[in-house]
Amino acid sequence: MNADWTYNDEDDTFGPDDDASFSEGPRALRDSDDPNAQWVKNFASVFLQEMLRHEGRGGHAKFSVCRRCCSAIPEYRCRDCLGGGELLCRGCLVTAHRQLFFHRVERWTGNHFDKVKLKDLGVRIQLGHWDDVDGRCAHPLRAPGDDFVIIDVSGVHEVGVDFCGCGGGGHHCVQLLRASAT
Ligand SMILES: [Zn+2]
Ligand SMILES: [Zn+2]
Ligand SMILES: [Zn+2]
């Protein structure tokens with residue numbers, strides 16, 4: 001049994017509207033009663049196609065040279081940069097990630113993408129010189145073992161870390177503490 005409910009000023013309550021017409025039996029089904037079915041019917045195939053598209057190079061396959069430098073082979077992409085899977089050459093990808101140390105990068109092998117560490121492409125975190133214009137140290141010191149690992153919301157990252165060795169950055173602990181803004 002369905003009825004319209006209204007607010008009653010006199011006793012400050014909600015209740016069935018005395019004047020509302022009542023109807024017997026279940027109401028007709030609406031699309032909104034089963035949103036999952038509506039999604040499957042209208043969008044599932046589109047979502048699946050778009051997800052599969054990310055497994056390959058998509059529309060970027062037609063570019064034989066990097067669109068940023070117009071010279072080198074575009075074979076790297078970043079899963080965290082909002083670039084629609086744009087493929088870049090190694091040099092342009094490294095330049096774009098000088099401060100994006102925890103982005104997840106992949107390289108096109110010819111028929112699939114492989115994970116690549118930014119560290120292996122030459123990206124390194126220079127500690128102790130955050131307030132310098134170029135952020136580099138004249139005497140960088142590699143972290144012991146060069147096996148620094150940082151756990152971020154996007155995953156576990158093996159990163160290249162260089163401490164400041166010129167004396168301006170202070171104690172190594174201080175250099176690490178100052179790397180964070182929080
Ligand atoms: Zn390039
Ligand atoms: Zn990125
Ligand atoms: Zn230094």
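Start by selecting residues 160-163, strand β10: 3 bridges tie this strand to β6, and the two run parallel. Strands here are DSSP E runs of at least two residues and helices are H or I runs of at least four, numbered from the N terminus; two strands pair if DSSP finds at least two bridges between them. Before going on, a word on the model: it is predicted, so local features need pLDDT of at least 70 and side-chain atom pairs pLDDT 80 or more, while totals for chains, interfaces and linings use all residues. Residues count from 1 along each chain as its sequence is written, with chains lettered from A and ligands numbered from 1 in written order.

Stay with β10 and pick arginine 124, which sits opposite glycine 160 of that strand. Now add β7 to see an open sheet of 3 strands with mixed pairing, ordered β6-β10-β7. β6 (124-126) and β7 (141-142) are the edges; each has a single partner strand, so one side of each lacks a neighbour in the sheet.

Next, colour residues 118-179. An unreviewed UniProt entry annotates this stretch as "domain: CxC2-like cysteine cluster KDZ transposase-associated"; such annotations may be inferred rather than shown by experiment. Its end C-alpha atoms lie 18 Å apart, and the span is 11% helix and 27% strand.

Zoom out to the whole chain. You should find 4 helices and 10 strands, in the order β-β-α-α-β-α-β-β-β-β-β-β-β-α. The radius of gyration, taken over C-alpha atoms, is 29 Å, well over the 16 Å that the globule rule (2.2 Å times the number of residues to the power 0.38) gives for 182 residues, so the chain is more spread out than a compact globule. Along the principal axes, the C-alpha atoms fill a box of roughly 85 × 50 × 30 Å.

Split the view by domain: domain 1 is 57-118 and domain 2 is 123-182, with bounds from an automatic or database assignment. Their contact (C-beta atoms, placed from the backbone, within 7 Å) takes 8 residues from domain 1 and 9 residues from domain 2.

Last stop, the cores. Buried means 20 or more other C-beta atoms within 10 Å of a residue's own, and 15% of the 182 residues qualify. A nonpolar core joins buried Ala, Val, Leu, Ile, Met, Phe, Trp, Tyr and Cys residues through C-beta atoms within 7 Å. The largest has 10 residues, including Cys66, Tyr76, Leu88 and Val123. Apart from that core lies another of 6 residues, among them Leu127, Cys137, Val161 and Phe163.

Note on methods:
A residue is buried if 20 or more other C-beta atoms lie within 10 Å of its own, exposed if 12 or fewer, and partly exposed in between; C-beta atoms are placed from the backbone. Two residues are in contact if their C-beta atoms, placed from the backbone, lie within 7 Å.
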